[in-house]
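Student: I'm new to this structure and would like a close look at a single part. Could you walk me through one strand and what surrounds it?

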Amino acid sequence: MPGRINELGMAADLRFMSEPGWLNDTAVSSRIVHRYSRWHLWLVFVSANNPCRFIARYIDHYPTRHLAGVYSTYFLKSARRDERGTFVIDEDAFNICLN
């Protein structure tokens, strides 16, 4: 039943991760968060076909935001499968209101 909060997911929920090539159609973005006096870098892989499919991977933490940004550009260049940048994800697709 959808909408239940404290239940484990089914194996079918993660089946897309074992599909070959689903990462080829993803847009990659970075997320830099300040936590515990360090700047933490995350890479987020979002499917271009279905934005509900995404994986967030923790990379590392850095002492300054500038250094985290520098590493972010390097990791984005190496992780991006789409060199032309044609995969664009609409960040307002979920219509989330934080109020």
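**Around strand β2**

Tutor: Let's begin with A79, which touches V28, L43 and F45, leaving out residues up to four places away in sequence; contact here means heavy atoms within 4.5 Å. This is a predicted model, where local features need pLDDT of at least 70 and side-chain atom pairs count only at pLDDT 80 or more, while totals for chains, interfaces and linings use all residues. Numbering starts from 1 along each chain as its sequence is written, and side-chain values use heavy atoms, without hydrogens or water.

A79 and the three residues it touches belong, with L76, to the largest nonpolar core, which has five residues. Such a core is a set of buried Ala, Val, Leu, Ile, Met, Phe, Trp, Tyr and Cys residues joined through side-chain atoms within 4.5 Å. In soluble globular proteins, nonpolar side chains tend to be buried together. Both β2 and α1 supply at least two residues of this core. Helices (H or I, at least four residues) and strands (E, at least two) are DSSP runs, numbered from the N terminus.

Now place β2 in its sheet. Three strands form an open sheet in the order β1-β2-β3, with antiparallel pairing (two strands pair if DSSP finds at least two bridges between them). At the edges are β1 (26–35) and β3 (54–62), each pairing on one side only. From one strand to the next, the twist averages 20 degrees. Antiparallel β1 and β2 are joined by 10 bridges, and A27 has V46 in β2 as its bridge partner. Helix α1 (residues 65–79) packs on this sheet and touches β1, β2 and β3, its direction making about 25 degrees with that of β2. Axes are lines fitted to C-alpha atoms, for helices over the stretch in contact, with angles from 0 to 180 degrees between N-to-C directions.

Two residues of β2 are worth a visit. H40 lies in this strand, residues 38–47. H40 counts as buried because its relative accessibility is 14% (buried is under 20% relative accessible area, exposed over 50%, partly exposed in between, with a 1.4 Å probe and protein chains only). The side chains of H40 and Y58 share a polar contact of 3.0 Å, and a polar atom of the H40 side chain lies 3.1 Å from the backbone oxygen of R35. A polar contact is a pair of N or O atoms within 3.5 Å; within protein, one must be able to donate a hydrogen and the other to accept it, and residues adjacent in sequence count only if both atoms are side-chain atoms.

S47 is also in β2. S47 is buried, with a relative accessible area of 5%. Beyond its neighbours within four places in sequence, S47 contacts W22, D25, T26, R53 and I89.
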